[in-house]
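Reader: I work at the bench and would love a close look at how the side chains sit in this part of the protein. Could you walk me through it in one go?

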Amino acid sequence: MIISSQIVEQVWQGTSQIEDAQEAQALSQKFINDQPVLAGFVLNYLKTNANEDVANVGFYIAMVVWKIFESSSRGRLESLSETAIKDVFEKNESVFHELARANELTIENFLARQSVYSQPHVLKYIVEAIYAEEDEHQISLEQQSFLFRCLKVVVDSFSQSFYLQEIAK
């Protein structure tokens, strides 16, 4: 099942409306508790490859993606395993390394290399969120690349899990 653009927009808007620090902290903690391996991957990957501001933005976007999938799964979203995340990461990294060797490493070129997206509206959200942040905070192309690489793993890992849950119904 493809998550609709309406659900993506609704969850994104709802999450962006949170202004209370305690509510934001509670949501962040729920993400960490519900998806400890994924949250750990996001935090470690971004803290290793991005500056603190970009890491914070990436964590927030990953949390929104989690909420999108959680909303769409009607509470049946399973915690992602280290193996599942690692498999998705390795597949994506091989494409990124190919593009880097050809000196064509951009988000656009990566997207052009894939013919089918399991969740196109969610992927569109992360790309738009990255570019919106670039406009507001001047994120470098390198930082954009790391942010996209991390968030693409988040989307693909959830997509794979989501797809497998749909088959099991």
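Author: Happy to! A residue is buried under 20% relative accessible area, exposed over 50% and partly exposed in between (1.4 Å probe, protein chains only). This is a predicted model, in which local features need pLDDT of at least 70 and side-chain atom pairs pLDDT 80 or more, while totals for chains, interfaces and linings use all residues. Residues are numbered from 1 along each chain as its sequence is written, and side-chain values use heavy atoms, without hydrogens or water.

Let's begin with Ser159, which is part of helix H8, residues 141–168 (helices are DSSP runs of H or I, at least four residues, numbered from the N terminus). With a relative accessible area of 5%, Ser159 counts as buried. Setting aside residues up to four places away in sequence, Ser159 touches Phe69, Ser118 and Gln119 (contact means heavy atoms within 4.5 Å).

Leu151 also belongs to helix H8. Its relative accessible area is 0%, so Leu151 is buried. Beyond its neighbours within four places in sequence, Leu151 is in contact with Gly58, Ile61, Ala62, Ile126 and Ile130. Leu151 also gives us a link to another helix: although 109 residues separate Leu151 from Val42 in sequence, their C-alpha atoms are 7.9 Å apart in space.

Val42 takes us to H3, where the buried residues are Leu38, Ala39, Phe41, Val42, Tyr45 and Leu46. These residues cover an arc of only 155° around the axis, which puts them on the same side of H3 (the arc is that of the directions from the helix axis to the C-beta atoms). On the face of H3 turned away from that buried side you will find the exposed residues Asn44, Lys47 and Thr48. The length of H3 can be checked too: its 14 residues, 36–49, should span 20 Å at 1.5 Å a residue, and this agrees with the 20 Å between its end C-alpha atoms (the expected span is 1.5 Å times one less than the number of residues).

Leu38 in H3 has a distant partner in sequence, Ser79: the two are 41 residues apart along the chain, with 8.2 Å between their C-alpha atoms. Ser79 sits in the loop between H4 and helix H5, residues 82–101. With a relative accessible area of 42%, Ser79 is partly exposed. Not counting neighbours within four places in sequence, Ser79 is in contact with Asp34, Gln35 and Pro36.

Asp34 falls within H2, residues 21–34, whose 14 residues should span 20 Å at 1.5 Å a residue; the end C-alpha atoms of H2 are 20 Å apart, in agreement. In H2, the buried residues are Leu27, Ser28 and Phe31. Seen down the axis of H2, these buried residues fall within an arc of 95°, so they line one face of the helix. Gln22 and Asn33, on the other side of H2, are exposed. And what does the buried set of H2 pack against? Its partners are H1, H3 and H4.

Two of those partners also meet each other. From H1, the residues involved are Ile7, Val8, Val11, Trp12, Thr15 and Ser16, and from H4 they are Tyr60, Val64, Lys67, Ile68, Ser71 and Ser72.

Note on methods:
Helix = DSSP H or I, 4+ residues; strand = E, 2+ residues; numbered from the N terminus.
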